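Colleague: Before I rely on any of the labels attached to this chain, I would like to hear how each of them was reached. Could we take them in turn?

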Amino acid sequence: MSHSVELQNVGMAFGQTRAVSNVSFTVEGGEFFSILGPSGCGKTTILRMIAGFLEPTEGRILIGGRDMRGLGPDRRPTAMIFQSLALFPLMPVWENIAFGLEARGVSKAERRKKAEELLKLVALEGYGDRMPGELSGGQRQRVAIARALAVEPQVLLLDEPLSALDLKLRQHMRAELRALQKRTGVTFIYITHDQSEALAMSDRVAVMSEGVLQQVGAPRELYDNPVTPFVARFVGETNVVEGRIAAVENGITSVDTAYGPLRGRAVANLAPGMPARLYVRPEALEHKGQGANKLTATIERIDFEGAFALAHGRLEDGRPLIASIPSTELNQAPAVGARVSFVFREANAVVLPDG
């Protein structure tokens with residue numbers, strides 16, 4: 001059975017520097033859980049505390065309901081995959097996979113048998129006698145996963161394992177990792193700064209900024225209902241309009257802005273007169289629709305992205321605006337230099353307090 005992982009008011013300080021502050025969340029057993037945030041936000045520090053390489057200066061970490069304080073990495077039901085993978089270049093693949101079993105005194109025959117089972121699990125059957133240098137980046141990634149699974153961890157910790165791969169291979173490995181996690185049932189805790197990676201693979205995501213936990217939720221929840229300005233900006237592209245709250249009624253907020261009154265959903269406690277920001281996604285802006293929620297911009301360029309294009313414009317006061325246009329509608333896209341009014345539905349905009 002896979003184990004749950006619970007952080008209770010966990011903090012970590014290095015001298016006068018606080019890397020992590022009062023973080024609490026629970027990862028359910030068998031869950032694919034990601035910790036998302038920019039470099040230096042504390043996510044790797046959290047992973048190293050869970051693994052036992054660092055001892056929290058505050059709070060507790062429980063794995064399977066057991067307090068891990070004082071237990072080193074070798075005494076925890078975890079395994080960790082580092083960004084560098086750290087395969088042994090002079091060992092064949094099967095010995096790399098079975099390395100942890102050798103340290104536990106398992107016989108060579110049993111080690112080889114286990115390695116072959118895991119190679120089959122990660123779709124590398126027949127690769128046991130190859131050397132790591134003979135494998136592609138994605139194949140080496142799968143060997144590192146098999147090596148971590150060899151010691152039968154209850155929790156697998158992954159520290160940005162796909163960051164060194166090219167885009168196509170990263171996308172392929174996302175699907176493979178997700179499928180592998182579902183097959184094994186092991187709890188995955190995955191560290192990444194790539195929001196598309198976290199949204200694509202995870203059951204739930206924790207968003208971090210400057211050592212502080214901003215929000216925990218399912219990918220769609222974070223995207224549609226951010227509860228802090230940082231989450232609204234960091235998780236996906238968004239347009240931001242500043243203003244003051246004019247009224248709040250039935251969960252809909254009216255905001256007075258430099259572009260006129262705009263309306264959106266209130267997902268926080270708001271009151272008239274408060275400074276606020278309205279966030280609207282590029283795909284929520286329509287250049288052919290009608291409505292009271294309107295932003296007018298001068299188009300500067302249109303970037304073709306494949307399935308869609310991004311129209312980049314400037315509002316009247318020089319602030320940027322980005323609108324997404326499906327490729328099927330590119331023949332009707334606004335021309336560069338044109339002044340275009342984009343409209344959006346109030347249900348597709350979120351209003352949060354400023355700050």
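Modeller: Let me begin with a definition: helices and strands here are DSSP runs, a helix being H or I over at least four residues and a strand being E over at least two. The model is a predicted one, and over residues 5-235 the chain is 37% helix and 26% strand, with the end C-alpha atoms 24 Å apart.

Colleague: What makes residues 5-235 a stretch to be described by itself?

Modeller: The stretch comes from a record, since an unreviewed UniProt entry carries the annotation "domain: ABC transporter" for residues 5-235. For the protein chain, the secondary structure comes to eight helices and 19 strands, and the C-alpha trace spans about 75 × 50 × 35 Å along its principal axes.

Colleague: How many of the 355 residues in the protein chain are buried, as a percentage?

Modeller: Buried residues make up 47% of the 355. The accessible surface of the chain comes to about 16400 Å², and 50% of that surface belongs to carbon and sulfur atoms. As for contacts with a separation of 6 or more, 66% of them are between residues 24 or more positions apart.

Colleague: How do you know that the span of helix α4 agrees with its number of residues?

Modeller: Helix α4 runs over residues 137-150, which is 14 residues, and at 1.5 Å a residue it should span 20 Å; the end C-alpha atoms are 20 Å apart, and therefore the two values agree. Of those 14 residues, 13 are buried, so that α4 is mostly covered, and the helix is followed by Glu 152, whose phi is positive, near 55 degrees.

Colleague: Why is Ile 97 called buried rather than exposed?

Modeller: The cut-off for a buried residue is a relative accessible area under 20%, and Ile 97 counts as buried because its relative accessibility is 0%. Ile 97 belongs to helix α2, and, leaving aside residues up to four places away in sequence, it touches Ala 115, Leu 118, Leu 119, Val 143, Ala 146, Arg 147 and Ala 150. The C-alpha atom of Ile 97 is separated by 51 Å from that of Pro 353, 256 residues apart along the chain.

Colleague: Which elements are included in what covers the buried residues of α2?

Modeller: The cover includes α3 (108-121) and α4, and the buried residues of α2 (residues 93-103) are Val 93, Trp 94, Asn 96, Ile 97, Ala 98 and Leu 101. After α2 comes Gly 105, with a positive phi near 85 degrees.

Colleague: Why is Glu 116 called partly exposed?

Modeller: Partly exposed is the class between under 20% and over 50%, and Glu 116 is placed there because its relative accessible area is 27%. Glu 116 is found in helix α3, and its C-alpha atom is separated by 8.8 Å from that of Tyr 127, 11 residues apart along the chain.

Colleague: And what makes Phe 14 partly exposed?

Modeller: The reasoning is as before: Phe 14 has a relative accessible area of 42%, and therefore counts as partly exposed. Phe 14 has its place in strand β1 (residues 5-14) and touches Ala 19, Thr 45 and Leu 54, when residues up to four places away in sequence are not counted. Between the C-alpha atoms of Phe 14 and Pro 282, 268 residues apart along the chain, the separation is 40 Å.

Colleague: Why is Asn 22 called exposed?

Modeller: Exposed requires a relative accessible area over 50%, and Asn 22 is exposed because its value is 51%. The residue has its place in strand β2 (residues 17-27).

Colleague: What makes the phi of Asn 22 something to point out?

Modeller: Most residues other than glycine have a negative phi. The phi of Asn 22 is near 50 degrees, which is a positive value in a residue other than glycine. Glu 210 likewise has a positive phi, of about 50 degrees, although it is not a glycine.

Colleague: Where does Glu 210 lie, and how do you know that it is exposed?

Modeller: Glu 210 lies in the loop between β9 (204-209) and β10 (212-217). Its relative accessible area is 68%, and therefore Glu 210 is exposed.

Note on methods. Residues numbered from 1 in each chain as written. Predicted model: local features only at pLDDT ≥ 70, side-chain atom pairs only at ≥ 80, totals over all residues. Heavy atoms only, no water. UniProt positions renumbered as here; feature names shortened; annotations may be inferred. Buried < 20%, exposed > 50% of the residue type's maximum accessible area, 1.4 Å probe, protein only. Contact = heavy atoms within 4.5 Å. Areas by Shrake-Rupley, 256 points an atom, 1.4 Å probe, with all protein chains shown as cover. Expected span 1.5 Å × (residues − 1).
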